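Visitor: Could you take me on a close look at one spot where two helices meet? I'm new to this, so please keep it simple.

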Amino acid sequence: MASSAAGCVVIVGRKEMKLLEQAGSLKGSLSVEEQLSLISGCPNIQEAVEGAMHIQECVPEDLELKKKIFAQLDSIIDDRVILSSSTSCLMPSKLFAGLVHVKQCIVAHPVNPPYYIPLVELVPHPETAPTTVDRTHALMKKIGQCPMRVQKEVAGFVLNRLQYAIISEAWRLVEEGIVSPSDLDLVMSEGLGMRYAFIGPLETMHLNAEGMLSYCDRYSEGIKHVLQTFGPIPEFSRATAEKVNQDMCMKVPDDPEHLAARRQWRDECLMRLAKLKSQVQPQ
C-alpha cells in the first residue's frame with residue numbers, strides 16, 4: 001500500500017515497497033509493515049467498501065466484468081462516494097453507462113509500474129461532475145501521484161495515443177529496413193527518452209527556438225513534409241514480429257527468469273530516476 005490517505009488504498013508488492021523504503025522513496029508516513037498490516041481480504045463487496053469515499057476498481061480489462069462490478073457498487077454507495085476505474089483503454093461512456101451515480105464516476109488510469117511512474121490520467125464520463133474530477137485530482141496528489149486531466153474521453157486516452165504513435169512509426173521503420181530493432185530502441189533510450197524525461201514535447205519545442213511561435217515559423221513546414229511520408233497503420237505482421245523478437249532475445253532472452261531480471265533492473269532504474277526528478281524538479 002503506497003498511501004494511507006483517507007478513503008483510498010493503493011497497493012503494490014512487498015518486494016517493491018521494500019525497495020522504495022530502502023531508497024527513501026516510500027510514499028505515505030507509515031513503514032512497509034505498518035502499511036501492509038492495514039490490508040485484508042473480504043468476500044463481501046458491500047463489507048469491503050464500507051466507509052470508503054473513493055473506490056478504485058482494478059480488475060482485468062474486461063468490459064462486461066467491470067460493468068458488473070460497477071453495477072454492484074452503484075447499488076451500494078450513496079451520493080458522496082467516487083467510483084473510479086484503473087482501465088487503460090475502456091471508454092467511460094461504455095464503462096459507466098446506465099449507472100445511477102454516473103456523476104460520481106471517473107477513470108483514474110495509473111501508468112505501469114505506478115509505484116515508480118506517478119502519472120494518473122483522469123478521464124471523465126460525459127456526465128461526470130466537475131467536483132468528482134477535482135476530488136480525485138486532489139486525492140491522487142495527496143497519495144504522491146501526478147494526476148492530469150483529460151478534458152473529454154477519446155480512444156486510448158492521451159498516454160496510449162502518444163505511445164501507439166511511437167510504436168506505429170517504430171514498427172514501420174524496422175519493417176521497411178531503415179533501422180534495426182536494437183538501434184531503434186537506442187533512439188529512444190539515448191535520445192528522445194532522455195530529452196523527454198524532464199520536459200514534454202511541447203515545452204521542448206518552446207525551448208528549441210525563441211518560444212513556440214518562433215519554432216512553428218521555423219520548422220512547421222519541415223515537420224509537415226516528414227509527416228506526409230508516414231505510412232499506413234502497420235499490420236504488425238508475424239514476419240516483422242519474429243524479426244523484432246529475435247533481436248530483442250539477443251539482449252533479453254524471453255524465458256521467465258531473464259524477463260523478470262530485466263524488469264527488476266528497469267524498475268530500479270525508474271526508481272532512481274523518480275528520486276532524481278523529485279530532487280531537481282520544482283513541485
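Guide: Sure! A bit of vocabulary to start: an axis here is a line fitted to C-alpha atoms, for helices over the stretch in contact. Keep in mind that this is a predicted model. Now find helix H7, residues 159–175, and helix H11, residues 238–251: their axes come within 10 Å and cross at roughly 90°. Angles of 65 to 115 degrees count as roughly perpendicular, so H7 and H11 are roughly perpendicular to each other.

Who does the touching? On the H7 side, the contact is made by Trp171, Val174 and Glu175. H11 brings Thr240, Ala241, Lys243 and Val244 to the contact. Sort the residues of this contact by class and you get 4 nonpolar, 1 polar and 2 charged.

While you're on H7, stop at Arg172, which also sits in this helix. Is Arg172 buried or exposed? Buried means under 20% relative accessible area, and Arg172 has 8% relative accessibility, so it counts as buried. The side chain of Arg172 is joined to the side chain of Glu169 by a polar contact of 2.5 Å. Leaving out residues up to four places away in sequence, Arg172 touches Phe230, Gly231, Pro232, Ile233 and Pro234.

So, to retrace the tour: H7 crosses H11 at roughly 90°, with Trp171 among the H7 residues making the contact, while Arg172 of H7 has Glu169 as its partner in a polar contact.

Conventions
Residues are numbered from 1 along each chain as its sequence is written. This is a predicted model: local features need pLDDT of at least 70, side-chain atom pairs count only at pLDDT 80 or more; totals for chains, interfaces and linings use all residues. Side-chain values use heavy atoms; hydrogens and water are left out. Axes are lines fitted to C-alpha atoms, for helices over the stretch in contact, and angles run from 0 to 180 degrees between N-to-C directions. Helices (H or I, at least four residues) and strands (E, at least two) are DSSP runs, numbered from the N terminus. Angles under 35 degrees count as roughly parallel, over 145 as roughly antiparallel, 65 to 115 as roughly perpendicular and the rest as oblique. Contact means heavy atoms within 4.5 Å. Ala, Val, Leu, Ile, Met, Phe, Trp, Tyr, Cys and Pro count as nonpolar, Asp, Glu, Lys and Arg as charged, and the others, Gly among them, as polar. Buried means under 20% relative accessible area, exposed over 50%, partly exposed in between (1.4 Å probe, protein chains only). A polar contact is a pair of N or O atoms within 3.5 Å; within protein, one must be able to donate a hydrogen and the other to accept it, and residues adjacent in sequence count only if both atoms are side-chain atoms.
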